[in-house]
Amino acid sequence: MDLAPALAQARPKFDAAWDTVLSHGQFVGGPEVDAFESAFAQFCGAERCVGVGNGTDAIELVLAGLGIGPGSEVIVPANTFIATAAAVHRVGAVPRFVDVDKETLLLSAEAARDAIGPRTAAIIAVHLFGQPCELDELSAVADAHSLVLIEDAAQAHDATYKGTRIGGHSAAATFSFYPGKNLGAFGDGGAVVTNDAALADRIASLSAHGRSPEDRYMHMNVGRNSRLDTLNSAMLSVRLGGLPHETARRREVRGWYEEMMPDGADLVSQRVDCESAYHLLVAQVQNRDDVRAELDLRGVGTGVHYPIPCHLQPAFEHLAPGQLPVVEAAADRIVSLPMGSHLDRSDVEYVCEQLGQVLISL
Ligand SMILES: *Cc1c(COP(=O)(O)O)cnc(C)c1O
């Protein structure tokens, strides 16, 4: 990952946005926040967007806004960033970890259905790596059991499902604007996108001290402080303009990888009914840790998303671990290769060449 080229290109626009905020001097709330919220809601094809402090708070606020808390269980894929499960825990509910699909490493509707119990209140579909889950099937399962479907779209800005962008396909979708995400702020940030105006209003209030929209000195609920600040909203509006272009490039990069991937490395499958935002480019290899060490020596930086599935994390060990064989086997084999709009064909060629040599040598 290298953010510098994309940022340098838009530098004059960032400078102008920064100037505007500095001259009016409002750093929380204000026109830039409203403008970004409207633009991002529209981008996602949803009615409303509420900016919040980060992607983890976004999940927590959705759960709180839906009244999900103590006594409830929420279905969460075991292969996700710990924040998805932590948000469930923070509202007093219990994450119920389930295994993922072998081909996509995403939550499947079948696995979600099998995990439903008397306390289940919601399913969180995590569009991991930027690839949308099977939303129609998950919606059908949720509807049949009167559960809420929520999307953790922290990695999936600009991904599409059956031709429409992620954001309007469930009760609410949550996004992170952590700098390394596909749409990154200059610090932490997040958002909730929803077609449910009442839910959006509740989340807006909960994220601003439980304030009444009519009277700022009246607090209807015990809320908290989790806002998307003004400078970051201004910066995000600039970056949003360039996002489709960056996504298109990421898809091109994925195409090159597909073409040049050496034997012994299997790319995580791409489903045909959706277009991934390719936040991450994940392949499976044997001797993953040795492969990574060798690639590192050859100047190829890699990551693992994620080496320890949530249900095996010390923080969640108190939950009955269960055997989740797909995610447990994948955890030892997955490697995230370089991905980003800054890469060109020769970069991918180099990575694939080095990977091929390493796989033969081990
Ligand atoms: C990044 C991420 C989050 C958390 O977002 P933050 O803005 O870092 O709090 C949640 N879920 C997933 C899948 C993520 O990748």
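Q: How far does a polar side-chain atom of T56 lie from an oxygen atom of the ligand?
A: This is a predicted model. T56 is among the residues that come nearest to the ligand. The contact uses a polar atom of its side chain, and the distance to a ligand oxygen is 2.5 Å.

Q: Which part of G55 lies 2.7 Å from an oxygen atom of the ligand, backbone or side chain?
A: G55 is also listed among the nearest of the 15 residues around the ligand. The atom 2.7 Å from a ligand oxygen is an N or O atom, and it belongs to the backbone.

Q: How far is an N or O atom in the side chain of K181 from an oxygen atom of the ligand?
A: K181 is another of the nearest residues. A polar contact needs N or O atoms within 3.5 Å. The K181 side chain meets that cut-off, with a distance of 3.1 Å.

Q: Which residues of α5 does α4 meet?
A: The axes of α4 and α5 (residues 82-90) come within 8 Å and cross at roughly 40°. The two helices are therefore oblique to each other. From α4, the contact uses T56, I59, E60 and L63. Their partners in α5 are A83, T84, A87, V88 and R90.

Q: How do the residues of the contact of α4 with α8 divide into nonpolar, polar and charged?
A: Helix α4 (residues 55-65) packs on helix α8 (residues 197-206) at about 120°, with axes 9 Å apart. That makes α4 oblique to α8. L61, V62, A64 and G65 of α4 touch L199, R202, I203 and L206 of α8. By class, the contact has six nonpolar, one polar and one charged.

How values were computed. Residues are numbered from 1 along each chain as its sequence is written. This is a predicted model: local features need pLDDT of at least 70, side-chain atom pairs count only at pLDDT 80 or more; totals for chains, interfaces and linings use all residues. Side-chain values use heavy atoms; hydrogens and water are left out. Axes are lines fitted to C-alpha atoms, for helices over the stretch in contact, and angles run from 0 to 180 degrees between N-to-C directions. Helices (H or I, at least four residues) and strands (E, at least two) are DSSP runs, numbered from the N terminus. Angles under 35 degrees count as roughly parallel, over 145 as roughly antiparallel, 65 to 115 as roughly perpendicular and the rest as oblique. Contact means heavy atoms within 4.5 Å. Ala, Val, Leu, Ile, Met, Phe, Trp, Tyr, Cys and Pro count as nonpolar, Asp, Glu, Lys and Arg as charged, and the others, Gly among them, as polar. A residue is near a molecule or strand if one of its heavy atoms lies within 4 Å of it. A polar contact is a pair of N or O atoms within 3.5 Å; within protein, one must be able to donate a hydrogen and the other to accept it, and residues adjacent in sequence count only if both atoms are side-chain atoms.
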